[in-house]
Amino acid sequence: MEKKLSIKEIKERLQEVLDETDPFLQLCVDDERKGVQQAVKAWKRSYAKKLQLEQKWMHMNKYENELLQQGYTQIVGIDEVGRGPLCGPVVAAAVILPREVKLIGLDDSKKMSDIQKDDMYEQIMQCAVAVGIGIVSNEIIDKINIYEATKVAMMEAVEQLSVLPEYALIDAMRLPLDIPQQSIIKGDANSVSIAAASVIAKVTRDRLMKQYDEKYPQYGFKNNMGYGTKEHLEALDQFGITPWHRMSFAPVKELAK
């Protein structure tokens, strides 16, 4: 193999190797050149990561697979983001994924980078059977409290679906739905449907906060997304309250007195 392929060519060929049984991989293992051995180690690291993601995907399909065996096909995952911030809306998403889809790398949105979330958002929007989004403003949050506002956003997301769901998987909530439902603690890390909803809700809300940042850049909304960071709190003290702040949340409430 040394005389036939350069190290560059071997690296290119290794990109086509799908598993450890490939004869070409074994030829590379037997090649004593340092560059080839480094390429083999890199392939093995990548393959181990791939297996880890595959196992994660299988684990996160547990609830969906159980429901499929019971005859449910249109399974909706529901999640929200934005309960804790001092500013901006609470956003919920409802997502029905096709059963044949495989979104490797999908996870709880809090564990994903911005680039990963944006990429996964596009994948979900392209493949989903249906997506619904519910947005409840800071004014409504102040009127009915954040817990009730979260439920309203989730119900609005379900109502926006173009396909009627048969069963709902919800992240740590119960909703007044007329279909069977299951509340799952840390559902965004344990159900692909809820994780997909988590990503849609997170990206949607982050994009809204970045729009607010364009008008009020001094608060750093594009970085803190409305959470009470030091930068945000200092801006509140210096510049006051914006139209998107939650008046019922401390310390905004104290400033409004």
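## Strands and the model

Strands, like helices, are DSSP runs numbered from the N terminus, a strand being a run of E with at least two residues. In this predicted model, Asp171 is found in strand 4, which covers residues 167–171, while Glu80 has its place in strand 1, made of residues 75–81.

## The annotated domain

According to UniProt, in an unreviewed entry, residues 73–257 are listed as "domain: RNase H type-2". Over residues 73–257 the chain is 42% helix and 16% strand, and the C-alpha atoms at the two ends lie 52 Å apart.

## The annotated binding site

The unreviewed UniProt entry also carries the annotation "binding site", which covers Asp79, Glu80 and Asp171. These residues span 93 residues in sequence, yet no two of their C-alpha atoms are more than 8.0 Å apart, so they gather at one spot.

Is Glu80 buried or exposed? Since buried means under 20% relative accessible area, Glu80, with a value of 13%, counts as buried. Leaving aside neighbours within four places in sequence, Glu80 is in contact with Val90, Val91, Ala92, Thr150, Met154 and Ala201. The side chain of Glu80 is also joined to that of Arg83 by a polar contact of 3.1 Å.

Asp171 is buried as well, with a relative accessible area of 11%. When neighbours within four places in sequence are again left aside, the residues in contact with Asp171 are Ile78, Asp79, Met154, Ile184, Lys186, Gly187, Asp188 and Ile194. Asp79, one of these contacts of Asp171, is itself covered by the "binding site" annotation in the UniProt entry. Met154 appears both among the contacts of Glu80 and among those of Asp171.

## Helix 2 and its two sides

Which residues of helix 2 are buried? In this helix, which covers residues 23–30, they are Phe24, Leu25 and Cys28. Seen down the axis of helix 2, the buried residues fall within an arc of 105°, so they line one face of the helix. On the other side of helix 2, by contrast, Pro23 and Asp30 are exposed.

What covers the buried residues of helix 2 includes helix 1, at residues 7–14, and helix 3, at residues 34–60. At the start of helix 2, a side-chain oxygen of Asp22 reaches to within 2.8 Å of the backbone nitrogen of Phe24, and Phe24 is also one of the buried residues of this helix.

Technical notes
Residues are numbered from 1 along each chain as its sequence is written. This is a predicted model: local features need pLDDT of at least 70, side-chain atom pairs count only at pLDDT 80 or more; totals for chains, interfaces and linings use all residues. Side-chain values use heavy atoms; hydrogens and water are left out. Buried means under 20% relative accessible area, exposed over 50%, partly exposed in between (1.4 Å probe, protein chains only). Helices (H or I, at least four residues) and strands (E, at least two) are DSSP runs, numbered from the N terminus. The arc is that of the directions from the helix axis to the C-beta atoms. Contact means heavy atoms within 4.5 Å. A polar contact is a pair of N or O atoms within 3.5 Å; within protein, one must be able to donate a hydrogen and the other to accept it, and residues adjacent in sequence count only if both atoms are side-chain atoms. UniProt positions are given in the numbering used here, feature names are shortened, and annotations may be inferred rather than shown by experiment.
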